[in-house]
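Hi everyone, thanks for coming along. Let's look at the structure together and talk through a pocket, some aromatic rings and the cysteines.

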Amino acid sequence: MTEDVKEDHSFEIKCGVLIAIFAAVMALSDMFAGKYGEDEIKFINEKSSAYMWYQAKSIRETNVEGQRDLINTMIEGKGSNDPAVVKLKEHTDRLTKKIERYEKEKKEILLGSSKVGEANWVQDVDGKLGQVIGAKEYEEKIEILGRAGDQFDLSNLFFQLCLVMGAISLVVKKEKLQQVFFFVMIGLGIIGSVFSALALNIAAAA
């Protein structure tokens, strides 16, 4: 009888320690899931801001194109030797350069400085060139973190089931059933840990 009591006590200690370990791993996994979830929200906001910035440049470019087209229409109605035409053509050249700059700025805002190359850096951030993170880059980061979030959710599910199985194994009195629930708990805990590790690996690429 004493041996049975000792055996039960030993099992409870062993099971309790494993439950505590898996609970700790789940807590860490939840912490990282929360952090990367916040990053995902931040990147969604940054992406929206980048597209608004892109849209603002498009509107300015359209306005400048309208001015250039209007001036070109005026030039067509005058003689090529008219002194006013020379000045108007000079002005359209400046407008054309402005339009080309807007095109480069839009491309950098959309793709990011790292994608367009140093030769095409035209948009500064806080007075520095080459600092623009493009809207498309934010989309890639959001997609990566979304996939990581799915893995974290699966990890959390398996950890929750793991802890339930562990609790049941402590309550059940029949040794065979205890062992079944105990090993199911270990299996679920390992699967949860694997999904958590996969999630961290995916999120690290963002």
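Helix 1, which runs over residues 2-76, gives the most to the lining of the second largest pocket, with four residues. Please keep in mind that this is a predicted model. How much space lies in the second largest pocket? About 160 Å³. If you want to find the pocket on your screen, look for its lining: Glu46, Ser49, Ala50, Trp53, Ile109, Val125, Gln131, Val132, Ile133 and Tyr138. By character, the lining residues divide into seven nonpolar, two polar and one charged.

Hold on to Tyr138, because charged, polar or nonpolar is one way to sort residues, and ring pairing is another. The structure holds five aromatic pairs. In one of them, Phe43 pairs with Tyr138, with 5.9 Å from centre to centre and 40° between the planes, and this pair is tilted. It links distant parts of the chain: Phe43 sits in helix 1 and Tyr138 in helix 4, residues 135-171, so the two are 95 residues apart. Are these two residues buried or exposed? Phe43 is buried, and Tyr138 is buried as well.

Now compare that with Phe182 and Phe183. Their ring centres are 5.5 Å apart and their planes meet at 70°, so this pair is edge-to-face; the cut-off for that label is an angle over 60 degrees. Phe182 has a relative accessible area of 4%, so it is buried. Phe183, on the other hand, has 52% relative accessibility and therefore counts as exposed; the cut-off for exposed is over 50%. Phe11 comes into the picture too, as ring pairs link Phe11, Phe182 and Phe183 into a cluster.

Let's finish with the cysteines. How many disulfides does a search of the whole structure find? Zero. Cys15 is in no disulfide, and the nearest cysteine sulfur to its own belongs to Cys162, 9.0 Å away. Why is there no bond between Cys162 and Cys15? Because 9.0 Å between the sulfur of Cys162 and that of Cys15 is too far for a bond; a disulfide needs the two sulfur atoms within 2.5 Å. As for where these residues sit, Cys15 has 0% relative accessibility, so it counts as buried. Cys162 also counts as buried, because its relative accessibility is 0%.

That's my tour, and I'm happy to take questions.

Technical notes
Residues numbered from 1 in each chain as written. Predicted model: local features only at pLDDT ≥ 70, side-chain atom pairs only at ≥ 80, totals over all residues. Heavy atoms only, no water. 1 Å grid on protein atoms, 1.4 Å probe; cavity = no way out; pocket = protein on both sides within 12 Å on 5 of 7 lines; lining within 4 Å. Points joined across faces, edges and corners; volume = space filled by probe spheres on them. Phe/Tyr/Trp six-rings, centres within 6.5 Å; stacked < 30°, edge-to-face > 60°. Buried < 20%, exposed > 50% of the residue type's maximum accessible area, 1.4 Å probe, protein only.
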